[in-house]
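User: Hi! I have a structure open here and would like to talk it through with you. Could you help me find my way around?

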Amino acid sequence: MAAELPTGWPGLDRALGGGWPLGQLTELLVEAHGTGEFTLLLPALRRLVARAPDAGAAAGQVMLIAPPYIPYAPALAGAGLDPVRFLVVHSKQEADTLWAMEQALRSRSCAVVAGWADTAGKTSLRRLQLAAEPGNTWVLLFRAARLRRVPSPAPLRIHFMRECATGPARLHVLKRRGGPPAVAVADIG
Amino acid sequence: MPRRSPNLSLPFTAAAPPPAAVPAAGLPAPGGTRRLWLCLQLPQLPLEVVASPGDAPQAVVADGRRGPVILLPSAAAAACGIHSGMPLNAALALLPDLGVRQRRPELEQAALASLSAWMARFTPLVNVDPGGDALLLEIAASLALFGGPGALLEAAVSGISGRGHELQAAIAPTARAALWLARSGRRQLVMEEAQLPAVLADIPVELPGWPAAVVGGLLRMGVRNLGDCMRLPRDGLARRLGRECLQEIDEALGRRPELRPACRHEERLREELELPVETRDGRLLLEALQLLLLRLHARLQPRQAGAQVLWLRLRHHAAGDSLLRIGLLRPSSDVAGMRELAAIHFSALRLAAPVVALVLEADVAGLQPVTPADLLGLRLDQGERLAGLMERLRLRLGMHAVHGLRTSPEQRPERAWRPVVDAMEPGTMKPEPAFAGAVACSLRPLWILAEPAALARRGEVPLFQGALVLVDGPERIEAGWWDGDDVRRDYYVARSRRGMRLWVFRERRSGRWYLHGLFG
């Protein structure tokens, strides 16, 4: 069983049977960017890239590939994340995004590889999963929620949604290894 | 380059034990320390550096007194009756489709230099014999390290034969004896100087490469080998051989010290490869480059050095050279990494003409010292891999497509962060001091737009996928009047209909609304 990273959201940990799986592809299907999906990752990110200078081997680099916006360094610092640990990769085409993710995974030099590629196909996802498997990286791929009914080789698929503007986020675990689909609620403002 | 199995069988035949009464059991070597030399001789080198792959009969040709003569036939050519010294015309008459190759001494030298750098891992004293076909390694001090002469020899031999060279080897207490034994193909391992006269006795006088007149004179006298020479009275031998040849015998027997300077490793390394066929095929070029990179690695590694910039020159027949600069983030000798970088370069390369040869040049650079706890807080090899990753990403996506993030002590939100391109420079990898802004950072969005985006409005209400509800604010930011980039804004946290928390501001002068960030 792959290593797991506590998500920091008790409901989600239960639904995932532990936490974010490392060394496998996690697909996050979002309705729109900026609806709280970054906040969802913060507790786990904090664990991986703690500000403490002696964070040691647990610390690592966070590679954000083709994010829809620029991660805002002052906010990262405010959230307890050291901006120094973040690297942003801009790419103009989705093929480049997927290539960069694969390169990042194969280099085994990042603690987190997160990519945004809405229309990535099955083959690309399978390649990513293969590249992720030998490592211990937390691999996230953000895709559009409309793709949630299209089968995907990602071992973990989560549909991130809100039912109303002010309510908490609902996380539909569409698929996961060794467990049934589940729903978790995370109180993300 | 044709690959041959090494013409060498291990273990070596040890020399016969010395006669019972040895007058001076091992003359002390200069300096009083015992020396031991390993000679690696490459009998096929002139052919190996110019041969094309495959089993077609071919031969290296040199200029003789009466026109070109065969210097060295390939095995296939030799099987057809081509032999060394045969006039080229005769050889072509015998075998019209013989592949004729001109001798290229400069390629032979380069190959030897490359091998000698590789051999530096065994001993600091590696000498390229002036004869241009052999390497001499002083190995006495290295024996213990490598587990004895046999193990050291095996490692050296496999290194050379792995590069497609046929070789003959011998070990002896003097360099010249090792050289002569190797050239004679005798595969001998002589540990004691006292054994040398007996061991060298049947080396033919043609072997050392003395002037033809000297050799002819000796043969006419019935002096066929070194043993015959040694039996001659010394003054008579001196007269017939000349002083230099006599000195060589003395050196071989250890009666006279021989100066064998260690070859110096130049700081600019250069490796060249002629392609057997002209090509534009990126994959073939990459394969050829791999060979050059392996050679480069072999020269860098024993010195614990790396290269930071590789210059690759692609030679064309008709057009000028194409020059590629392959820059590494830090000095490295990692072949796989360099190859991968080169592959990315090649994929973007548009060649005007086919390539006939590759020249790789690199300046030797020291590897960065390994510190157990580097600033990344990662193991250094992880840092190396990250550096390599950034190189590859930048090559394909552009220099500025990859950047790190830093905060800046600035009030204007768009200036409170900056991208850093040299994100991996050790000096910039210190953890950031805690954000010293005047405002609580929970009021800052995790995502920011590169440029504030103007929002439509209905009355006083800004719109973004419907009317926005302002849930927090205003936070007034007025700054920049001192440098002309004047900012006077009221920032709010707004919520969209779809549940997005947005960071918007109203420009106080114009009353216009802008979206600046998303809380994500």
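User: Great, let's start with one residue. What does B:L405 touch, leaving out residues up to four places away in sequence?
Analyst: Happy to help. Bear in mind that this is a predicted model. B:L405 touches A:P71, A:A73, A:L76, A:P83, A:F86 and A:V88 in chain A, along with B:W417 and B:P419 in chain B.

User: Is that residue buried or exposed?
Analyst: B:L405 is buried, because 27 other C-beta atoms lie within 10 Å, and the cut-off for buried is 20 or more.

User: Which strand is B:L405 in?
Analyst: B:L405 sits in strand β14 of chain B. In space, its C-alpha is 6.1 Å from that of B:R418, and the two are 13 residues apart in sequence.

User: What does β14 of chain B pair with over in chain A?
Analyst: Its partner there is strand β6 of chain A, residues 86-89. The two strands run antiparallel and are joined by 3 bridges. As an example, A:V88 has B:H403 as its bridge partner.

User: What sheet are those strands part of, and what's the order?
Analyst: They belong to an open sheet of 10 strands with mixed pairing. The order is β11(A)-β10(A)-β9(A)-β3(A)-β8(A)-β7(A)-β4(A)-β6(A)-β14(B)-β15(B). At the edges are β11 of chain A and β15 (417-420) of chain B, each of which pairs on one side only. From one strand to the next, the twist averages 25 degrees.

User: Which helix packs on that sheet?
Analyst: Helix α5 of chain A, residues 122-132, packs on the sheet. Helix α5 touches β3 (24-30) and β8 (138-144) of chain A, and its direction makes about 135 degrees with that of β3(A).

User: Let's stay with chain A. How many helices and strands does it have?
Analyst: Chain A has 5 helices and 11 strands. Of its 189 residues, 52% count as buried. Looking at contacts in chain A with a separation of 6 or more, 64% are between residues 24 or more positions apart.

User: And what's the average pLDDT there?
Analyst: Chain A averages a pLDDT of 85, and 92% of its residues score at least 70. Among the elements of the chain, strand β7 (residues 112-116) has the highest mean pLDDT, 95, and strand β11 (residues 182-186) the lowest, 78.

User: Where is the pLDDT below 50 in chain A?
Analyst: Residues 51-58 of chain A are below 50. Beyond near neighbours in sequence, that stretch has 9 contacts in the model.

User: Good to know. Switching to chain B, which residues of helix α12 are buried?
Analyst: In α12 of chain B, which covers residues 243-253, the buried residues are B:C245, B:E248, B:I249, B:A252 and B:L253. They span an arc of only 130 degrees around the axis, so they lie on the same side of α12(B). On the other side, B:R243 and B:E244 are exposed.

User: Why would residues a few places apart in a helix point the same way?
Analyst: An α-helix has 3.6 residues a turn, so residues three or four places apart point the same way.

User: What do the buried residues of α12(B) pack against?
Analyst: They pack against α7 (175-183), α8 (196-200), α9 (212-220), α10 (226-231) and α11 (234-241) of chain B.

User: At what angle do α7(B) and α12(B) cross?
Analyst: Their axes cross at roughly 95 degrees and come within 6 Å. That angle makes α7(B) roughly perpendicular to α12(B). B:R176, B:A177 and B:W180 in α7(B) meet B:E248, B:E251 and B:A252 in α12(B).

User: What comes after α12(B)?
Analyst: B:G254 follows α12(B), and its phi is positive, near 80 degrees.

User: Last topic: what's the strand order in the open sheet of 3 strands in chain B?
Analyst: The order is β4-β3-β5, and the pairing is mixed. β4 (67-73) and β5 (99-102) stand at the edges with a single partner strand each, so one side of each has no neighbour in the sheet. Neighbouring strands are turned by 45 degrees against each other on average, direction ignored.

User: How many bridges join β3(B) to β4(B)?
Analyst: 6 bridges join them, and the two strands run antiparallel. B:A62 has B:V69 as its bridge partner, and B:V60 has B:L72. β3(B) and β4(B) form a hairpin with 2 residues between them.

Key: Residues numbered from 1 in each chain as written. Chains lettered and ligands numbered in written order. Predicted model: local features only at pLDDT ≥ 70, side-chain atom pairs only at ≥ 80, totals over all residues. Pairing = 2+ DSSP bridges. Helix = DSSP H or I, 4+ residues; strand = E, 2+ residues; numbered from the N terminus. Axes fitted to C-alpha atoms, helices over the stretch in contact; angles between N-to-C directions. Buried ≥ 20, exposed ≤ 12 C-beta atoms within 10 Å, placed from the backbone. Arc of directions from axis to C-beta. Contact = placed C-beta atoms within 7 Å. pLDDT = per-residue confidence, 0-100. Parallel < 35°, antiparallel > 145°, perpendicular 65-115°, else oblique.
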